[in-house]
Amino acid sequence: MKWFLGHLPQIGSLLLNHAVLALIPLVVGLLLAIPLGWLARRYRLLYTPLIAGTGLLYTIPSLALFILMPLILGTGILDPLNVVVALTIYTVALLVRTVADGLGSVPDEVLQAATAMGIGRVRRFFGVELPLAVPVISAGLRVAAVSNVSIVSVAALLGIPQLGSLFTDGFARDFVDPIVVGIIACMVLAFALDLSILGASRALTPWLRTSRPAVGRAA
Amino acid sequence: MISFTDVTKVYPGGTTAVGGLSLVAPTGKITVLVGPSGCGKTTSLRMINRMIEPTSGTIEIDGRDTATLDPNELRRGIGYVIQSGGLFPHRTILDNVATVPLLLGWSRTRSRQVAAELLERVGLAPELGKRYPNQLSGGQQQRVGVARALAADPPVMLMDEPFSAVDPVVREQLQDEFLRLQAELGKTIVFVTHDIDEAIKLGDQVAVLRVGGVLVQLASPAKLLADPHDDFVADFLGRDRGYRGLAFAAAPELPLRDEPVVLLGSPVADGARIAAGDRWVLVVDEARSPLGWAEPEVLTGVIDRHHLHRGGTVARLGGSLRAALDAALSSPSRRGVLVDDDGSLVGTVRAQDVLAAIERRPEGAPA
């Protein structure tokens with residue numbers, strides 16, 4: 001506790017770094033996953049390769065990916081961009097299937113009604129399909145957010161400062177306090193992200209929080 | 001007027017959904033496409049607004065070939081109602097109804113105002129406008145579907161089994177209201193159903209299709225019942241065709257008899273006196289609307305609602321022969337109750353008198 005109080009500014013800045021490193025890939029990954037998920041839905045032939053291919057990306061160990069990034073991107077080993085790009089890949093890997101399934105959860109008759117009313121393809125996607133896919137997409141997004149928070153900490157092994165640095169620091173000095181603080185801070189961050197996504201999803205889907213009609217009411 | 005000229009739809013696998021369909025759906029009338037599943041009725045309907053493109057042939061709306069029009073603009077000018085409404089779950093009822101007006105670039109205020117008027121027109125309370133579709137019953141959702149299709153006042157409406165997802169009582173209610181609405185609006189409607197009774201009830205003309213999208217017979221419901229083209233149509237129409245055909249024959253002047261009546265709540269003794277030896281006496285309310293038949297001999301006290309025999313149907317004066325005959329056949333006293341347009345009693349008629357009227361019709365008349 002004493003260590004925690006004495007290092008507040010340092011922990012604060014690590015937390016902020018951690019949050020940024022987890023959040024940017026989440027947003028970029030979502031923006032990339034939406035068109036990919038749409039492609040997977042739209043063209044059936046693409047569904048399996050896209051889902052399987054992106055799913056495979058998730059199996060690459062994070063440490064390996066962090067080390068590979070500089071070779072691919074031509075960045076320095078300590079460049080935070082390595083972490084951002086690697087996590088974006090993981091986010092896309094998790095979300096393509098979610099987006100595809102979310103779009104697939106939109107009832108067919110709703111799509112047909114939209115087409116029959118003369119709603120164009122683009123307008124239909126943004127006005128009907130995407131809003132109705134929000135519950136499914138946000139569920140996937142919550143998993144990706146928590147997973148990102150956890151994976152970011154691995155980047156401490158490369159020396160990129162964030163909450164994971166507290167673990168390496170604690171291990172190196174055989175000192176448990178920073179480790180405990182790091183774990184709790186990670187959990188708090190993950191929990192906060194999870195709650196914000198849940199809140200945003202609820203705000204975007206007011207129709208899901210309505211009561212059903214009483215049974216047997218007349219037409 | 002919508003006209004199909006030699007329209008064919010062949011799917012990539014080689015299945016012919018519609019084979020050389022030629023048909024005219026006249027302006028202001030309801031044309032029903034009916035047939036078993038696989039007869040191409042929905043495919044034919046969707047080719048009108050180009051949700052499905054024909055393989056060959058032309059479809060014209062008021063002389064304009066639909067193939068030459070922009071699909072989205074074409075569709076905004078055609079109301080479309082599907083089974084279970086197809087409402088947007090994430091939009092309020094009012095916004096659902098305002099969809100096409102907004103697409104057409106009307107102001108939000110005007111679109112919502114029109115939407116609110118339409119909700120009222122299809123019999124929904126204005127406060128339902130703020131709700132979401134899942135808060136409405138199936139019947140209510142279906143009404144919203146109709147309101148939404150009518151929102152931009154399109155001259156043409158396409159309806160794909162719009163009433164088949166609701167229970168029979170609600171369905172009949174929706175059908176009756178639909179006919180009332182159509183009498184006011186006079187839209188050119190193409191209506192798809194697999195239910196021949198619905199086709200006969202709603203259609204100004206009925207097109208019976210066979211599997212493979214072949215038109216077997218196009219005729220008025222009365223003509224269809226009286227003179228089916230072949231065994232397929234006859235089988236599809238089912239039993240009781242002669243009796244059902246009477247629904248399209250206006251009853252001529254029937255010999256009405258005065259019926260002694262007793263007011264609900266009168267002592268049973270009064271009922272017995274008025275019945276004057278007859279087993280049954282007709283019970284009415286203050287407005288002389290018939291409520292049902294009572295049997296004074298088996299009752300005591302005053303005549304109460306739960307004493308009434310409810311079996312008898314009531315026919316409207318000037319209604320169909322079928323309604324008049326059914327009133328007589330279903331009445332426990334064998335006297336069919338006839339009412340005027342306000343629902344008050346005008347007299348009773350016997351089955352033999354209705355049958356005599358049926359006998360007097362010219363032979364071979366399609367009712």
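Helices and strands are here runs assigned by DSSP, a helix having at least four residues and a strand at least two, and they are numbered from the N terminus. The model to which the exercises below apply is a predicted one.

**Exercise 1. Describe the secondary structure and the extent of chain A.**

Step 1. Counting the elements under that definition, chain A comes to nine helices and zero strands.

Step 2. Read from the N terminus on, the order of elements in chain A is therefore α-α-α-α-α-α-α-α-α, given how helices and strands are defined.

Step 3. Taken along the principal axes, the box filled by the C-alpha atoms of chain A is roughly 70 × 45 × 25 Å.

**Exercise 2. Work out the order of the four-stranded sheet of chain B, and place helix H1 of chain B relative to it.**

Step 1. The four strands form an open sheet in the order S2-S1-S4-S5 (chain B), and their pairing is antiparallel.

Step 2. At the edges stand strand S2 (16-25) and strand S5 (64-65) of chain B, each of which pairs on one side only.

Step 3. Looking at one pair in detail, strand S1 (residues 2-10) of chain B is joined to S2(B) by six bridges, and the two run antiparallel; within S2(B), the residue opposite B:Val10 is B:Thr16.

Step 4. Helix H1 (residues 41-48) of chain B lies across S1, S2 and strand S4 (56-61) of chain B, and its direction makes an angle of about 120° with S1(B).

**Exercise 3. Identify the edge strands of the six-stranded sheet of chain B, and explain what their position implies.**

Step 1. This open sheet of six strands has the order S6-S7-S8-S3-S9-S10 (chain B), and its pairing is mixed.

Step 2. S6 and S10 of chain B stand at the edges with a single partner strand each, so one side of each has no neighbour in the sheet.

Step 3. Ignoring direction, neighbouring strands of this sheet are turned against each other by 15° on average.

Step 4. At the S10 edge, strand S9 (residues 205-210) and strand S10 (residues 214-219) of chain B pair in the antiparallel sense over five bridges, and B:Ala207 has B:Leu218 as its bridge partner in S10(B).

Step 5. S9(B) and S10(B) form a hairpin with three residues between them, and in the turn B:Gly212 has a positive phi of about 95°.

**Exercise 4. Describe the hairpin that strands S15 and S16 of chain B form.**

Step 1. Strand S15 (residues 335-339) and strand S16 (residues 345-350) of chain B are paired in the antiparallel sense, over five bridges.

Step 2. B:Val339 stands opposite B:Leu345 of S16(B).

Step 3. Five residues lie between S15(B) and S16(B) in this hairpin, and B:Gly343 in the turn has a positive phi of about 85°.

**Exercise 5. Characterise the interface between chain B and chain A.**

Step 1. With contact taken as heavy atoms within 4.5 Å, 31 residues of chain B are in contact with 25 residues of chain A.

Step 2. The area buried between the two chains is about 2400 Å², and carbon and sulfur atoms give 60% of this area.

Step 3. Between chain B and chain A there are zero salt bridges, while five residue pairs, with both residues at pLDDT 80 or more, are in polar contact across the interface.

Step 4. On the side of chain B that touches chain A, the elements that give two or more residues include helix H2 (71-76), strand S6 (78-82) and helix H7 (168-185) of chain B, and the largest share, four residues, comes from H6(B).

Step 5. Sorted by class, that side of chain B has 12 nonpolar, 12 polar and seven charged residues.

Conventions. Residues numbered from 1 in each chain as written. Chains lettered and ligands numbered in written order. Predicted model: local features only at pLDDT ≥ 70, side-chain atom pairs only at ≥ 80, totals over all residues. Heavy atoms only, no water. Pairing = 2+ DSSP bridges. Axes fitted to C-alpha atoms, helices over the stretch in contact; angles between N-to-C directions. Buried area = accessible area lost by both parts, 1.4 Å probe. Salt bridge = Lys/Arg side-chain N within 4 Å of Asp/Glu carboxyl O. Polar contact = N/O pair within 3.5 Å; in protein donor to acceptor, adjacent residues only side chain to side chain. Nonpolar A, V, L, I, M, F, W, Y, C, P; charged D, E, K, R; others polar.
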